[in-house]
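Hi there,

Here is the structure I promised to pass on to you. Have a look at it first, and then read on for what turned up in it.

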Amino acid sequence: MSIKDSIPVPAETLKKISKPVEKVGENEKKLINDLFETMYNSNGIGLAAVQVGILRRMLVIDVSNKDEEKEPLSCINPIIKKVSDNT
């Protein structure tokens with residue numbers, strides 16, 4: 001595993017469209033591990049592949065508290081939908 005350099009806002013890379021992941025192989029698993037390591041190293045709660053310059057639709061999340069057991073979650077090809085206020 002390795003810690004990646006994160007890309008700061010307002011870098012143009014962050015505005016690009018990431019490609020979907022077709023298959024989760026060894027390279028994708030390594031990237032997920034690297035994203036977790038990078039996120040934890042920065043004391044973050046989430047990190048997307050695009051934030052380290054990799055245009056793939058992948059992200060990792062862990063919103064557990066410091067004194068709780070870690071609950072890592074990786075998302076491949078997530079779809080984020082806006083929920084209306086009327087639901």
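Before we start, one definition: helices (H or I, at least four residues) and strands (E, at least two) are DSSP runs, and they are numbered from the N terminus. With that in hand, P8 can be placed in the segment before α1. Please keep in mind that this is a predicted model.

**The overall picture**

How many helices and strands does the protein have? There is one helix, and there are three strands. Reading from the N terminus, the order of the elements is α-β-β-β. The C-alpha trace spans about 40 × 30 × 30 Å along the principal axes of the protein.

Of the 87 residues in the protein, 25% are buried. The protein exposes about 6,700 Å², and carbon and sulfur atoms supply 52% of that area. If you take the contacts with a separation of 6 or more, 53% of them join residues 24 or more positions apart.

**Back to P8**

Is P8 buried or exposed? P8 counts as exposed because its relative accessible area is 57%, and the cut-off for exposed is over 50%. P8 also has a partner from elsewhere in the chain to look at: its C-alpha atom is separated by 7.8 Å from that of Q51, although the two residues are 43 apart along the chain.

**The salt bridges**

Now for the charges. Side chains of opposite charge can pair when their charged atoms come close. The count here comes to four salt bridges, so let's walk through some of them with the cut-off in mind: a side-chain nitrogen of Lys or Arg has to be within 4 Å of a carboxyl oxygen of Asp or Glu.

Start with E12 and K15, which form a salt bridge with their closest N and O atoms 3.5 Å apart. Both of these residues are exposed.

Next, try E28 and R56. Their closest N and O atoms are 3.6 Å apart, and they form a salt bridge as well. E28 lies in helix α1 (residues 26–41) and R56 in the loop between β1 (46–48) and β2, so this pair ties together parts that are 28 residues apart in sequence. How does each partner sit? E28 is buried, because its relative accessible area is 13% and the limit for buried is under 20%. R56, at 24% relative accessibility, counts as partly exposed. While you have E28 on screen, check its surroundings too: leaving aside neighbours within four places in sequence, E28 is in contact with V21, K23, R56 and M58.

Then there is K30 with D34, a salt bridge whose closest N and O atoms are 2.9 Å apart. These two both lie in helix α1, four residues apart, which is about one turn of the helix. Which of the two is buried and which is partly exposed? D34 has a relative accessibility of 2%, so D34 counts as buried, while K30 has 43% and therefore counts as partly exposed. K4 comes in here as well, because K4, K30 and D34 are linked in a network of salt bridges.

**The loop between β2 and β3**

The last stop is the loop between β2 (58–61) and β3 (73–76), where you will find E71. Is E71 buried or exposed? E71 has a relative accessible area of 57%, so E71 is exposed. It belongs to a patch of negative charge on the surface, where D67, E68, E69 and E71 gather.

S64 lies in the loop between β2 and β3 too. At 19% relative accessibility, S64 counts as buried, because the limit is under 20%. Leaving aside its neighbours within four places in sequence, S64 is in contact with E69, K70 and E71. There is also a link further back along the chain to look at: the C-alpha atoms of S64 and I45 are separated by 8.2 Å, and these residues are 19 apart along the chain.

One last thing about charge, this time for the whole protein. There are 13 positive and 13 negative charges, and their mean positions are 9 Å apart.

Have fun turning it around on your screen!

Cheers

Key. Residues numbered from 1 in each chain as written. Predicted model: local features only at pLDDT ≥ 70, side-chain atom pairs only at ≥ 80, totals over all residues. Heavy atoms only, no water. Patch = residues over 30% accessible without salt bridge, like charges linked within 9 Å, V, L, I, M, F, W, Y side chains within 5 Å. Areas by Shrake-Rupley, 256 points an atom, 1.4 Å probe, with all protein chains shown as cover. Lys, Arg positive; Asp, Glu negative; His and termini not counted. Charge placed at Lys NZ, Arg CZ, Asp CG, Glu CD. Buried < 20%, exposed > 50% of the residue type's maximum accessible area, 1.4 Å probe, protein only. Contact = heavy atoms within 4.5 Å.
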